[in-house]
Amino acid sequence: MSYEQDPTTPGAQPPALPPPPRVPGPPPIPGPVRHPLQFTGDAKEFFGIWFVNLVLSVLTLGIYSAWAKVRTERYFYGNTRLAGAPFEYLADPIAILKGRLIAYAVAIGLGLSAHFQVWVVYIPLILFVLVMFPWLIHRTLRFRARYSAWRGLRFRFVEGVYEAYVNFMFRPALQILTAYMVLPWVRMHQHDYTVSGHRFGGKRFRFAGDLGTYYIPFLICIGLGFGAYLLMILVVIAGAALGAALSGDSSVGGEPPIGVMIGIFAPLAAVYLALLALPIYLRTKYINLMWRYSSLGGHRFESTLRARDMIWIYFSNGVAIVATVGLLVPWAMVRIARYRAAHFALLADGELDHFVAEAERAEGAAGAELTDALDLDVDIGI
């Protein structure tokens, strides 16, 4: 027989209270959605396009090269996808041909006047090209943006020509006066001009660079270059001494022994190759920084290119192209495009469907084609 305990009885425990109801907290803030860039091109497939372009360009004395450029750009754009949607290249071959004829007329004029030493033509023409260089960059950016599209919406470049002269003529001139110690500052402002001048779907790209991070790879390059020169001097001295010791005094006709020559020129060649890699290292780091500080609305970008990979790709591509007399150019182009795509991503803050179309107008191709024809170094990190 059991008895219930009276709660008033001394030593009795009070009944347990029910737990308080849980108050739901705020939902977790969703993080950005990562959309990696994808490149689906194939070297064998592109080789057919490249070979036909080459043959027809030769047979038409370069006239077909405008159509060849459009076919090439459309292949690479169409095989580059972001969030499942491919990019588009919408330029007209006729516009490119007109610009290309003007560009090659200037390039031929420069080449002939330099070859025959007609300085009265060459000097004013080269000065004209140098003075027009910022304008050419401005026109190139406008042309490329105007005829590039994603999800049916075109890009635009709206920055002015004055800013182009400030960032690509006046600021770079200070590099000469400062022994190039302001190069990171110049490059950061060029990235600002390039990124902030672009628009897409009614929204403007933004750039918020940090000068300190631009100086880090620059100072590393200076240190590596200085160390390479010191190493070269030490290795040359050691190599010459070792070569002389191995070869003895057996020189022919007063010429230094072969061991001495190898001991001197082998380190020189190695240092020369190392110095060629430094610009690739710096450019790779600056590309990553440019995208790191860029944004479009609430969306950000991610670029994780590795300098050692880029150096190896450029070096091996060059060896392969030379060894095959240019036949592996398509393979090299596809290879670098695939690597760049694999190390780039869009960090989307929300949906990607809120962009709207903007008013458009045609852009001339003369500036872009003159930049290509004269092989001007538009090293803006993109």
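**Exercise 1.** At which residues does UniProt place the feature "transmembrane region"?

*Solution.* The unreviewed UniProt entry places this feature at residues 47-68, 89-110, 116-137, 213-246, 258-282 and 311-333; UniProt positions are given in the numbering used here, feature names are shortened, and annotations may be inferred rather than shown by experiment. Residues are numbered from 1 along each chain as its sequence is written. The model itself is predicted, with local features needing pLDDT of at least 70, side-chain atom pairs counting only at pLDDT 80 or more, and totals for chains, interfaces and linings using all residues, while side-chain values use heavy atoms and leave out hydrogens and water.

**Exercise 2.** Describe the spans 89-110 and 116-137 by end separation and secondary structure.

*Solution.* For residues 89-110, the C-alpha atoms at the ends lie 31 Å apart, and the span is 82% helix and 5% strand. For residues 116-137, the corresponding separation is 29 Å, with 86% helix and 0% strand. Helices (H or I, at least four residues) and strands (E, at least two) are DSSP runs, numbered from the N terminus.

**Exercise 3.** Identify the strands that pair with β1, and give a residue pair for each.

*Solution.* Two strands pair if DSSP finds at least two bridges between them. Strand β1 (residues 33-39) is joined to β10 (residues 344-348) by 4 bridges, the two running antiparallel, and here R34 stands opposite L347. Strand β1 also pairs with β2 (residues 80-82) in the antiparallel sense, over 3 bridges, and in this case Q38 stands opposite R81.

**Exercise 4.** Characterise the setting of T140, and decide whether T140 is buried or exposed.

*Solution.* T140 belongs to helix α4 (residues 119-146). Its relative accessible area is 5%, and T140 is therefore buried (buried means under 20% relative accessible area, exposed over 50%, partly exposed in between, with a 1.4 Å probe and protein chains only). A polar atom of the T140 side chain lies 2.7 Å from the backbone oxygen of L136. Along the chain, T140 and F157 are 17 residues apart, and their C-alpha atoms are separated by 9.8 Å.

**Exercise 5.** For A83 and R151, state the phi value, the location and the exposure.

*Solution.* A83, a residue other than glycine, has a positive phi near 55°; A83 lies in the loop between β2 and β3 (85-89), and counts as partly exposed because its relative accessibility is 27%. R151, likewise not a glycine, has a positive phi near 55°; R151 is found in the loop between β4 (148-150) and β5 (153-157), and its relative accessibility of 37% makes R151 partly exposed.

Technical notes: A polar contact is a pair of N or O atoms within 3.5 Å; within protein, one must be able to donate a hydrogen and the other to accept it, and residues adjacent in sequence count only if both atoms are side-chain atoms.
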